[in-house]
2 protein chains.
Amino acid sequence: MNTTLTALETPALLLDAPRLHANIARMKTRMAALGVTLRPHVKTAKCIEVARATDGEGAPPGPITVSTLREADQFADHGWTDITYAVGLTPNKCAHVRRLLDRGVALTVILDSVDAARALSAASADWPTPVAVLIEIDTDGQRAGLPPEAPELLDIAAALVGPGVRLRGVLTHCGGSYHCHGAEALRAMAEQERAGAVRAAERLRAAGFDAPVVSVGATPTALFAERLDGVTEARPGVFVFHDLMMEALGVCSVDEIAVSVLTSVIGHRRDRGWTLVDAGWMALSRDRGLAGEFTDHGLGLVCDADGQPIGGGDWIVAAANQEHGLIAHRSGDTARLLDVPVGTLLRILPQHVCATAAQHPAYAVVDADGQVRARWPRFMGW
Amino acid sequence: MNTTLTALETPALLLDAPRLHANIARMKTRMAALGVTLRPHVKTAKCIEVARATDGEGAPPGPITVSTLREADQFADHGWTDITYAVGLTPNKCAHVRRLLDRGVALTVILDSVDAARALSAASADWPTPVAVLIEIDTDGQRAGLPPEAPELLDIAAALVGPGVRLRGVLTHCGGSYHCHGAEALRAMAEQERAGAVRAAERLRAAGFDAPVVSVGATPTALFAERLDGVTEARPGVFVFHDLMMEALGVCSVDEIAVSVLTSVIGHRRDRGWTLVDAGWMALSRDRGLAGEFTDHGLGLVCDADGQPIGGGDWIVAAANQEHGLIAHRSGDTARLLDVPVGTLLRILPQHVCATAAQHPAYAVVDADGQVRARWPRFMGW
């Protein structure tokens, strides 16, 4: 495959190959310096070829993190065997977990309650291969998990009984890092995440439980952590692509964002200062990123066909319908119009690349020379 | 296929078959009473079986509206031939339009500028079959199109020249109906949409142009219009399913909403009043519907496994990550907790069903007895 952007139908999801490889190299260098295993979260890309690029040319499939058992199925089909499913397990997924174990996947699941531990122990009582279990720890009050000092931590460990389950340690995800203003706050959040996870593992070990795995992760904390003593692995996901949220946090620059949506100008509403494009919320998603906390880029930042922000980055997708995007000036000044002809190609940088990429069936992979060299499929569903 | 909800893995997209059929019957009755052709917008369901249900048991494929040429391809593959693509055409889609014409599809496209008309006329100069063209009219200032009185209307008509294009009339979409409070406002908006479209067609005819087609549409105006004199067809889409936006507008009741997301409880954060479920934004979308203008249902309204709103409709999905939904009380009172066990099945009614359904590969079709009787695939992409 070797074609130009002008030969694509729009909207289309573009992946800048040189930026992808640079982003991966940066994270691997950082993980090596911190002495932890990189277990990338494949939920961002949902793409075999991106995971291969992360493992490295010619390398065997490495450890990965998934957000759905469908991802586990897909990656298992392509040779990955060391998979952590990082969403609390529910009883109606136990049969699926067993199918993955039976086909040779070394699957790890997570949970954060005695009820869930008992349900899994009961469901797995007759499984020939045990499933590894990590207890989810909350280190920032954002979502699921137990606080590191919660008494229930040991009760959960004790409730994991029988031949089908094997406690392996703890896992945490510091989503709070998405609300940190500045490098110092990010470093502090990374330390909070590290310390909480390590503390929970130490409590398990002190009570006689097996807890060799201490898993942390999020792209901001992985890149800003100063030390990860006691941690065994990190699970960043968005680092392969980056997006405007990562840019807002200071984790990347705009020219490190590897994914964009190619779109065409459909028309103009000169009286309102709108330029209409064929990328609506179906192509961009409705994710507004960190609009309430940082600079508001609407549903995305408007770039020219080469990926350079137009007018110093002051044009945004201000609103969208299903297949229509409305480009307006960031100031809201309706007297200003992005006055480019019908048919002009533009690129929109995504607010939240996990959400934007999920709207598309594949990536058009663009090389340094601007040529589209490959189509890498994504998968969806559960 | 005949299974229970408890046998499904969650999250899963449910389609209530009796509600679907009742919603279709209601719209067909209304269109017949108004004397216009129903050209349903298949962008909501993106599903062959839903379009078959709309045409009616045993009926041949009828006229449809699409939002992407991919929809046109898919429906053409299954026998539909009368297709209107209701997003302004861009030059890089002309080759695709020709492929559809060449395979026998009677395709209609829309545009709203002289530039676009000239580009299409030039691109189609050697096409053996002409493409039908409607000029897009703006009747509410929400998106694309020309005002009915715009001088440019006749310039566009004049710019459609050559053997490959055939002007057929006008098309408008009254998205402004989504911001109408009350039945009277909706009736007035429907009349505004009708009158504007008819006026534009009359101007074309008075200038000697062919304009037999006057196409309007949106579910709220289609259901609230008191008369559609001069209109030839309507293009509602969401009526097959309805959603919380339609309920907010008074277009449907909660118990007419035919699509929901089945989800399982993963755990609780009792200190914060959160019940965590396995439907995050990947399963629900990020669409918050009309939250700023009407009652805020967050990312969806929480129902029991039978589809009845819990606690009088006061529990909502207040926040979400990719695969986690956080259920909280509508009041924001963190002392209140939806205290149901891990593994409990819930149904979430969608804010905007076009967006929610788009996150899923298929519908699990549920009959009146609560049994899942079929899996109807959806398609995605462009």
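1. Helices here are DSSP runs of H or I with at least four residues, numbered from the N terminus. The model is predicted. With that in hand, start at helix α8 of chain A, residues 219–224, where A:P220 lies. A:P220 is buried, because its relative accessible area is 0% and the cut-off for buried is under 20%. Its contacts, leaving out residues up to four places away in sequence, are A:S177, A:Y178, A:L186, A:M246, A:L249 and A:V251. A:P220 also sits 9.1 Å from A:M189, C-alpha to C-alpha, with the two positions 31 residues apart in sequence numbering.

2. Next, helix α1 of chain A. This helix covers residues 17–34, which is 18 residues. From first C-alpha to last it reaches 26 Å, close to the 26 Å expected at 1.5 Å a residue. Its buried residues are A:A17, A:R19, A:L20, A:N23, A:I24, A:M27, A:M31 and A:L34. Viewed down the axis of α1(A), these buried residues fall within an arc of 165 degrees, so they line one face of the helix. A:T29, A:A32 and A:A33 are exposed on the other side of α1(A).

3. Helix α3 of chain A spans residues 69–77. Which of its residues are buried? They are A:L69, A:E71, A:A72, A:Q74, A:F75 and A:A76. The list includes A:E71 and A:Q74 alongside A:F75. The buried residues of α3(A) pack against four elements of chain A: α2 (48–55), β3 (64–66), β4 (82–85) and α4 (94–102). Just after α3(A) comes A:G79, with a positive phi of about 105 degrees.

4. Now a helix pair in chain A. Helix α5 (residues 114–123) and helix α6 (residues 152–159) have axes that come within 8 Å and cross at roughly 5 degrees. The cut-off for roughly parallel is under 35 degrees, and the angle therefore makes α5(A) roughly parallel to α6(A). On the α5(A) side, the residues in contact are A:V114, A:A117, A:R118 and A:S121. On the α6(A) side they are A:E152, A:D155, A:I156 and A:A159. By class, the contact of α5(A) with α6(A) has four nonpolar, one polar and three charged residues.

5. Chain B has a pair of its own to check. Helix α5 (residues 114–123) and helix α6 (residues 152–159) of chain B pack at an angle of about 5 degrees, and their axes are 8 Å apart. α5(B) and α6(B) are therefore roughly parallel to each other. B:V114, B:A117, B:R118 and B:S121 of α5(B) make the contact with B:E152, B:D155, B:I156 and B:A159 of α6(B). The class tally for α5(B) with α6(B) is four nonpolar, one polar and three charged residues.

6. Where is B:L204? This leucine lies in helix α7 of chain B, residues 183–206. B:L204 counts as buried, at 0% relative accessibility. Neighbours within four places in sequence aside, B:L204 is in contact with B:I135, B:L153, B:L154, B:A157, B:L167, B:G169, B:V170, B:F209 and B:A211. One of these contacts, B:L167, is 37 residues away in sequence and 9.9 Å away in space, C-alpha to C-alpha.

7. A strand position deserves a look too. A:S260 is in strand β10 of chain A, residues 259–269. At 3% relative accessibility, A:S260 counts as buried. Residues up to four places away in sequence are not counted in what follows: A:S260 touches A:A12, A:L13, A:L14, A:R347, A:I348, A:L349 and A:P350.

8. Cis peptide bonds come next. In chain A, a cis bond joins A:T10 and A:P11, with omega at about -5 degrees. A:P11 is in the segment before β1 (12–16) of chain A. In chain B, the bond from B:T10 to B:P11 is cis, with omega near -5 degrees. B:P11 is in the segment before β1 (12–16) of chain B.

9. Last, backbone phi at a histidine. A:H242 is not a glycine, yet has a positive phi of about 60 degrees. A:H242 is in the loop between β9 (233–234) and α9 (244–249) of chain A. Is A:H242 buried or exposed? A:H242 is buried, with a relative accessible area of 1%. In chain B, B:H242 also has a positive phi of about 60 degrees without being a glycine. B:H242 is found in the loop between β9 (233–234) and α9 (244–249) of chain B. B:H242 is buried, at a relative accessible area of 1%.

Notes
Residues are numbered from 1 along each chain as its sequence is written. Chains are lettered from A and ligands numbered from 1 in the order in which they are written. This is a predicted model: local features need pLDDT of at least 70, side-chain atom pairs count only at pLDDT 80 or more; totals for chains, interfaces and linings use all residues. Side-chain values use heavy atoms; hydrogens and water are left out. Axes are lines fitted to C-alpha atoms, for helices over the stretch in contact, and angles run from 0 to 180 degrees between N-to-C directions. Helices (H or I, at least four residues) and strands (E, at least two) are DSSP runs, numbered from the N terminus. Angles under 35 degrees count as roughly parallel, over 145 as roughly antiparallel, 65 to 115 as roughly perpendicular and the rest as oblique. Contact means heavy atoms within 4.5 Å. Ala, Val, Leu, Ile, Met, Phe, Trp, Tyr, Cys and Pro count as nonpolar, Asp, Glu, Lys and Arg as charged, and the others, Gly among them, as polar. The expected span of a helix is 1.5 Å times one less than its number of residues. Buried means under 20% relative accessible area, exposed over 50%, partly exposed in between (1.4 Å probe, protein chains only). The arc is that of the directions from the helix axis to the C-beta atoms.
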